[in-house]
Each structure stands twice: as C-alpha cells, then as structure tokens.
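Hello,

Here is the structure we spoke about, for you to look through. My notes follow below it.

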Amino acid sequence: MAAKDLPILVVGGGIGGLAAALALARKGRAVHVLEQAATFAEVGAGIQLGPNVFKMFDYLGLTEAIDQTAVYPENLVMRDALSGEELIRVPVGSAAFRARFKFPYGVIHRADIHGAFLDACRKSPLVKLSASQKVLGYEDKGDRVVVNIEGGAAQEGELLVGADGLWSQVRAQLVGDGKPRVSGHIAYRAVIPTPQVPEHLRQNNVVLWGGPKTHLVHYPLRRGEVYNLVVVFHSSRYEEGWDTYGDPEELHERFKGQRPEVLEYLAMVNAWKMWVLCDREPIKGWSKGRVVLLGDAAHPMLQYLAQGACMATEDAVVLANKLEAAKGDYATAFQTYEQERYLRTARVQLTARFYGEVYHATGVKRDLRNSLLKNASPEGAINGADWLYSGVAV
Ligand SMILES: Cc1cc2nc3c(=O)[nH]c(=O)nc-3n(C[C@H](O)[C@H](O)[C@H](O)COP(=O)(O)OP(=O)(O)OC[C@H]3O[C@@H](n4cnc5c(N)ncnc54)[C@H](O)[C@@H]3O)c2cc1C
C-alpha cells in the first residue's frame with residue numbers, strides 16, 4: 001500500500017490521543033488509535049477545564065456532549081488551610097468572565113470528557129480504535145512508519161503520533177531523555193456521592209486550601225451528583241503508576257493541625273487513589289522523521305495549573321491544522337506545530353511548578369503569599385491568566 005493510503009497511527013487512547021484522532025478525522029485523515037489497556041477508559045477523578053479548552057471543544061463539535069456532564073463553578077477560591085482566611089475569590093462563573101474569554105470555566109469527571117471524545121471517535125468512519133495494543137517501539141522506514149506491538153504484531157502508518165502519556169515509549173525512542181522527574185508531591189483523589197457531603201461543606205466553587213507542604217481542592221462534579229476531592233502533600237514515598245491505593249494514616253499525619261473543614265473533608269473518604277506526581281523539563285525536538293509527540297508525552301506537567309488535558313487537546317487541534325495546511329509536507333507541519341506549541345506548553349510546565357510552591361508555602365513565604373493574594377484584585381488575577389485562557393487561534 002502506498003504510504004499516503006496508510007492511516008496515521010496514534011499511540012495512546014487517553015484524552016490527547018483521542019483528541020488527535022478526532023481532530024485529524026475532521027480533516028479527512030484516516031487514523032488508527034493503538035491503546036495498551038484492554039478497554040478505552042479513563043481512571044481518576046475530576047479535572048478542571050479552562051475556557052481555552054472549551055474553545056477547542058467548540059471547534060471539534062463537542063460542546064453539547066461536554067455540557068451534559070460538566071459543572072460550571074461560580075468561583076475559584078483560595079483559602080489558608082491553617083487560619084481559614086479567604087485569600088482570593090475569582091468569579092469564573094460571572095458574565096464578565098464569559099464575555100471576556102467567550103467560553104466558560106468548567107469541571108468534569110475524567111471519564112466523562114474521555115467518554116465524549118470516545119463517542120465522537122466511534123461515530124467517525126475514519127477512526128479505528130484498537131485496545132490491548134501495547135506499542136513496544138517503532139521503525140521509521142522513510143516512506144512509512146511501522147510500530148511493533150507486544151505479542152509480535154506490527155502496524156504500518158503514514159505518520160505516528162506518540163500520545164502515550166507521561167511514561168511514553170515513543171518519547172523514550174524519539175528523545176531518549178530517561179524517566180520523568182519525580183516531584184516528591186503525592187496526590188490522593190476521591191469522588192464521593194454528594195449526599196455523603198454534609199450540607200455546610202457543599203458549594204459550587206472550586207476551593208483550594210493551601211497548607212504547609214499540602215493542599216486540598218474540592219468541587220462538585222457530574223451535574224453536582226458527586227463531589228471531587230484532591231489532596232496533595234510532599235512525601236519521599238515513591239511508587240509509579242496511577243492505580244494505587246493511598247495510605248489514610250500518612251494523609252492525616254500530613255494535614256494535622258489544619259482547619260476543621262479540611263479535616264472533615266479528609267474524614268469523608270476511606271479509599272483514596274494515589275498518584276505520584278511527575279513532570280519534565282520543557283524541551284524542543286518533538287518530532288523526528290514521521291514521528292511526533294503530543295500531550296504528556298511531549299510536555300508532562302504538574303497539575304497545579306489544571307491544564308495538562310487542556311494542553312493535550314490544544315496540541316491535537318493545532319497538529320491537525322498544521323498537517324492540513326502543509327498539504328502532505330509533514331516535516332513542515334511538525335515543525336510549525338512545535339513552533340506554535342513549545343513556548344506555551346513550557347510556560348504552563350514552569351508556571352505549574354511555581355504554583356505548587358505558592359500553594360504549599362510555609363513561614364515567610366506563606367505570609368508573603370497571603371499578603372499578596374489578599375491585596376490582589378480578582379480582575380488582576382483574570383488579567384494575569386489572559387495568556388492562558390484566551391487560548392490559541394484555530
Ligand atoms: C492529580 C492530577 C490532576 C490533574 N488535573 C488536571 C486538571 O484539572 N485539568 C487538566 O487539564 N489536566 C489535569 N491533569 C493532567 C491530565 O490528566 C493529563 O495531562 C492528561 O491526561 C494527559 O493526556 P495524555 O493523553 O497526553 O496522556 P494520558 O492520559 O496519560 O494517556 C496516555 C494513554 O496512552 C496509553 N499508553 C501508554 N503507553 C502505551 C503504549 N506503549 N502502547 C499503547 N498505549 C500506551 C495509556 O494507557 C493511556 O491511555 C491532572 C493530572 C493529575 C495527575
């Protein structure tokens with residue numbers, strides 16, 4: 001088969017991989033997504049979605065599907081976890097916020113956003129989805145690319161998009177820069193039915209309680225039916241993987257002395273899922289020959305700006321647009337894609353690290369944080385996020 005008649009292979013069926021498949025299919029490209037898991041599904045809890053990714057949903061025709069389960073919080077609120085003081089309240093649900101960015105700020109269950117992408121991919125005759133396909137490596141043959149799959153099978157494609165996440169095999173071969181950086185920060189997450197949350201603790205806001213080397217975030221999810229809790233703390237404990245249970249004892253030790261509300265939230269959950277948070281230094285060189293990286297495979301970041309899935313979705317749209325514009329000149333498309341994405345994603349990677357320091361500040365740093373935030377205006381905070389929330393041109 002001539003290379004131009006082969007599909008574009010996408011390794012990884014997470015949010016980034018499915019967004020890439022959908023964006024490419026909408027440009028008329030046949031895509032084959034290879035996912036290592038036995039089913040296309042997402043684990044995890046809630047994620048926040050900036051207006052910049054709603055712009056992408058609009059472009060991809062997903063607004064209605066997302067709207068069925070998303071919650072639109074009224075405010076982002078930050079409080080000091082020791083004193084309880086409110087440090088800042090940003091009205092992301094206000095008419096002024098929507099008017100400024102044209103799109104809302106939302107929160108959604110990871111399974112729901114993944115499900116919306118999956119449904120759209122399934123409806124497209126151009127997208128083929130194959131589960132239980134663990135990619136071990138690839139060979140760039142010059143006129144095509146071949147991926148080798150565990151068990152001995154192989155797949156041929158015109159191009160290869162590595163959307164295989166933080167521990168990307170494609171990146172290991174393309175960039176070869178070793179394992180991700182373990183941040184020393186651990187996240188525990190849980191989703192609980194809203195009726196289990198005492199009424200005085202329920203609110204339609206994303207609330208972050210910043211404590212010494214810890215923070216807690218809570219918000220409602222799925223039309224308000226469930227509540228999302230995320231706690232983060234510093235720990236030398238290290239385990240790879242997304243699917244491990246946390247240790248409630250360690251958690252209660254780390255949050256000792258914090259506000260009663262914080263402790264009440266912690267007490268609601270028996271079974272926490274644990275994530276070891278990692279990122280990497282930003283790099284250039286996301287492509288080589290017929291292979292290109294996208295999402296966490298290209299620019300893994302800490303979640304403190306709540307933008308990893310948003311960036312992966314933006315990547316997908318930009319990549320598909322560049323491939324269309326380049327009319328078969330994939331090398332130019334990959335170059336212009338990286339050129340348009342690398343500074344924006346690097347800024348998110350580095351700013352996320354800084355935000356982690358702010359959330360977890362102790363001593364004088366905490367005093368300074370509280371003093372600056374209490375004197376900051378919500379408008380100033382929104383202005384400061386303009387570079388991020390205004391999104392990319394499509
Ligand atoms: C605690 C936490 C909170 C977060 N909160 C937010 C938030 O509020 N907002 C936000 O936008 N982002 C958030 N993120 C980040 C976001 O989850 C990720 O950035 C996003 O999921 C990355 O998507 P991806 O498709 O690039 O990678 P992944 O979601 O990791 O998907 C990669 C896929 O590739 C598959 N795969 C891996 N290796 C292979 C292989 N060899 N062969 C075949 N398949 C393979 C995997 O099974 C997986 O399905 C958060 C992350 C964490 C950890």
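Which backbone oxygen lies 3.2 Å from a polar atom of the side chain of Gln349? Please keep in mind that the model is predicted. The backbone oxygen in question belongs to Arg280.

Some background on Gln349. This residue sits in helix α10, which spans residues 330–359. Gln349 counts as buried because its relative accessibility is 2%, and the cut-off for buried is under 20%. If neighbours within four places in sequence are left aside, Gln349 is in contact with Arg280, Glu281 and Pro282, and also with His299, Pro300 and Met301. Arg280 therefore appears twice for this buried residue: in the list of contacts and as the owner of the backbone oxygen at 3.2 Å.

The other part I looked at is strand β2, residues 31–34. Val31 and Val33 point one way from the strand, while His32 and Leu34 point the other way. All of them are buried. In a regular strand, side chains alternate between the two faces of the sheet.

Strand β2 has parallel partners. One is strand β1 (residues 8–11), joined to β2 by four bridges; here Val11 stands opposite Leu34. Another is strand β7 (residues 127–130), also joined to β2 by four bridges and running parallel to it. In that pairing, Val31 is opposite Val127.

Finally, helix α1 (residues 15–25) combines with β1 and β2 in a β-α-β unit, and the unit is right-handed.

Regards

Conventions: Residues numbered from 1 in each chain as written. Predicted model: local features only at pLDDT ≥ 70, side-chain atom pairs only at ≥ 80, totals over all residues. Heavy atoms only, no water. Helix = DSSP H or I, 4+ residues; strand = E, 2+ residues; numbered from the N terminus. Buried < 20%, exposed > 50% of the residue type's maximum accessible area, 1.4 Å probe, protein only. Polar contact = N/O pair within 3.5 Å; in protein donor to acceptor, adjacent residues only side chain to side chain. Contact = heavy atoms within 4.5 Å. Pairing = 2+ DSSP bridges. Right-handed = clockwise from strand over helix to strand, strands pointing away.
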